[in-house]
Amino acid sequence: MAKLFDAAEVAKHNTPESCWVILYGQVYDVTDFLTSHPGGSKIILKLAGKDATEDYDPVHPPGTLEENLGPEAKLGDVDPETLPRPESAAAAAAETASSGDDDDDDYRPPLESLLNLDEIEEEATKRMPRKAWAYYFSASDDLVSKTHNSTVYRDMLLRPRVFADCTRCDTSTTLLGHKVGVPFFVAPAAMARLAHPDGERGIAKAAARFGALQIISNNASMTPEQIVKDSPASQTFGWQLYVQNQRDKSEAMLKRIGGMRDRIKFVVLTLDAPVPGKRELDEKSSFGSEKSPGIAQAAVSKPGGGGSGGVGQQLFFGTACDLTWKTTLPWLAQHTDLPIVLKGLQTHEDAYLAAQHAPQVKAIILSNHGGRAMDTAPPAVHTLLEIRKYCPEVLSKVEVWVDGGIRRGTDVVKALCLGAKGVGLGRAPLFGLGAGGQAGVERMFEILEAETATCMRLLGVETISELGPHLINSRRVERDIYNGDAGLDKRGLWTRSKL
């Protein structure tokens with residue numbers, strides 16, 4: 001029979017020398033695990049001696065406890081009668097009692113009444129915990145890149161053609177040779193269960209309805225196996241890789257993903273965030289749950305600070321920042337034969353270098369990490385225009401995808417007109433989850449698919465392949481792109497790289 005602990009007894013074990021936590025009604029001794037926790041020890045110590053279930057559950061895939069703790073770590077059960085009432089519940093009860101009527105707070109508009117992605121985000125913001133919203137919404141420094149990612153699309157004008165039969169419209173295309181129903185895909189974004197219990201699997205089910213490709217985040221809150229379970233055989237998945245300082249962990253994960261090649265078709269190596277950006281809104285969320293100024297101050301991030309700070313800082317703990325063209329792609333070739341997609345290219349020079357590594361590299365994603373890494377980094381559209389100006393041959397050597405700032409179907413079409421093969425959605429699926437779980441993500445897809453089709457019809461085209469630069473006026477944006485020396489040695493572009 002399991003030993004029954006009083007919560008007060010557990011609370012005494014709140015130091016690095018003796019650290020216990022309560023998870024799902026059971027008591028665990030995690031003292032020996034502190035130094036090897038992927039998110040650093042500080043995040044565990046903040047919850048030492050407490051019931052950590054509410055913080056733990058949304059960000060850890062099922063099975064994580066069993067994978068990281070031996071059976072001896074489970075000490076017994078906690079007496080539920082001795083657990084303190086959650087502060088959030090007590091505060092909510094007090095607020096309800098004082099207001100006398102919470103009908104307005106409980107009102108949920110029908111999802112079909114949400115007409116655009118901004119309204120979905122607004123509804124999600126009302127529903128999600130503030131810490132989750134802060135993690136999703138936040139970006140680096142002054143949010144210049146995040147804002148510019150969206151506004152840059154407003155500065156490009158479309159050139160509709162008339163007297164064109166627009167009865168038929170086909171939004172399907174191919175990405176890496178795989179048929180997809182829409183030209184936009186789910187970009188890798190972490191911790192979906194912070195928004196809703198449906199999590200990444202809910203996103204996958206919604207994507208399946210529209211034949212959309214999904215890239216599974218390296219920091220997903222569900223396992224890859226859980227996310228792809230029961231998905232249609234035709235549905236395409238990719239998997240994002242953040243290379244770890246402990247390379248054996250990444251190698252083990254690559255082997256695991258290789259065993260799922262019937263569902264996961266490629267690996268996305270993320271390069272635009274070798275270190276985390278300074279996401280102040282995310283970091284501020286750490287203060288809200290702490291009573292002690294000293295603990296709150298310790299939560300502020302520092303470069304290489306061992307996973308302190310907001311959710312974003314914790315997720316980057318252990319991520320390698322020593323990747324190079326010379327060493328990393330050959331290392332990848334040793335551990336996976338899946339196609340490689342390089343994510344986070346922000347200059348035409350790097351796009352050019354990536355093309356030299358075809359056919360191992362099949363595609364590149366132009367991205368500034370949603371404005372979450374370096375602020376004032378260029379929007380993907382700028383890099384796409386740089387490629388068109390300095391090395392347009394890259395577009396025929398590898399597929400070029402973009403992400404960041406997509407709010408409308410017209411944004412999708414503009415990116416495709418400039419040569420993008422696919423368009424990634426990062427925050428939008430997460431806010432869809434926050435607004436209504438899987439159904440909210442489906443509504444997000446529904447809106448964007450309809451807007452994309454309407455835009456194509458009004459342009460006078462039937463298929464994605466008909467879109468091109470003749471249908472867009474990007475001159476205003478072209479004035480702002482890099483105008484220096486090309487910096488390219490084109491002699492080796494078509495020479496196969498030696499790995």
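Student: In this predicted model, are F210 and F445 buried or exposed?
Tutor: The class follows from relative accessible area, for which under 20% counts as buried and over 50% as exposed. By that criterion F210 and F445 fall on one side of the division, and both are buried.

Student: How are the rings of F210 and F445 arranged towards one another?
Tutor: A pair of aromatic rings is described by the distance of the centres and the angle of the planes. Here the centres of F210 and F445 are 5.5 Å apart and the planes stand at 25°. Planes under 30 degrees apart count as stacked, so the pair formed by F210 and F445 is stacked.

Student: How many residues apart in sequence are the two members of that pair, and which helices carry them?
Tutor: F210 belongs to helix α10, which spans residues 199–210, while F445 belongs to helix α21. The pair therefore links distant parts of the chain, with a separation of 235 residues.

Student: Which helix gives the largest share of the largest nonpolar core?
Tutor: The largest nonpolar core comprises 99 residues, and I364 and F445 are the ones with the most contacts inside it. Its largest share amounts to 13 residues, and these come from the helix that spans residues 427–459, namely α21.

Student: Which residues in the stretch from V398 to W401 does I364 touch, leaving aside residues up to four places away in sequence?
Tutor: The contacts of I364 include V341, L342 and L345, and also A351 and A354. V341, L342 and L345 fall within the range of β13, residues 340–345, and A351 and A354 are among the buried residues of α17. In the stretch asked about, the residues touched by I364 are V398, E399, V400 and W401.

Student: Why do the buried residues of α17 lie on the same side of the helix?
Tutor: The buried residues of α17, a helix of residues 348–355, are H348, A351, Y352, A354 and A355. An α-helix has 3.6 residues a turn, so residues three or four places apart point the same way. The buried residues of α17 are on the same side because they cover an arc of only 160°.

Student: What do the buried residues of α17 pack against?
Tutor: Two of the partners are strands, β13 (340–345) and β14 (361–366). The helices against which the buried residues of α17 pack are α16 (325–335), α18 (380–390) and α19 (394–397).

Student: Which handedness has the β-α-β unit that β13, α17 and β14 make?
Tutor: Strands β13 and β14 run parallel and are joined by five bridges, with L345 opposite L366 of β14. Strand β13 also pairs in the parallel sense with β12 (residues 264–270), over four bridges, and there L269 stands opposite L342. All six of the six residues of β13 are buried, so this strand is largely enclosed by the rest of the structure. The unit made by β13, α17 and β14 is right-handed.

Student: What arc do the buried residues of helix α9 cover around the axis?
Tutor: In α9, which spans residues 144–154, the buried residues are S145, K146, N149, S150, V152 and Y153. Their cover includes α8 (130–137), α18, β15 (399–403), α20 (409–417), α21 and α22 (475–478). These buried residues lie on the same side of α9, because they cover an arc of only 155°.

Student: What is the positive phi of Y24, in the turn between β3 and β4?
Tutor: Strands β3 and β4 (residues 26–29) pair in the antiparallel sense over four bridges, and V21 has Y28 as its bridge partner in β4. Strand β4 is also joined by three bridges to β5 (residues 74–78), again antiparallel, with Q26 and D77 as bridge partners. Strands β3 and β4 form a hairpin with two residues between them, and the phi of Y24 is about 55°.

Student: The structure holds 10 aromatic pairs; of what kind is the pair of F5 and W20?
Tutor: The ring centres of F5 and W20 are 5.5 Å apart and their planes stand at 80°. F5 lies in strand β1 (residues 4–5) and W20 in strand β3 (residues 18–23), so the pair ties together parts that are 15 residues apart in sequence. Both residues, F5 and W20, are buried. Planes over 60 degrees apart count as edge-to-face, so the pair of F5 and W20 is edge-to-face.

Key:
Residues numbered from 1 in each chain as written. Predicted model: local features only at pLDDT ≥ 70, side-chain atom pairs only at ≥ 80, totals over all residues. Heavy atoms only, no water. Buried < 20%, exposed > 50% of the residue type's maximum accessible area, 1.4 Å probe, protein only. Arc of directions from axis to C-beta. Contact = heavy atoms within 4.5 Å. Pairing = 2+ DSSP bridges. Right-handed = clockwise from strand over helix to strand, strands pointing away. Core = buried A, V, L, I, M, F, W, Y, C linked by side-chain atoms within 4.5 Å. Phe/Tyr/Trp six-rings, centres within 6.5 Å; stacked < 30°, edge-to-face > 60°.
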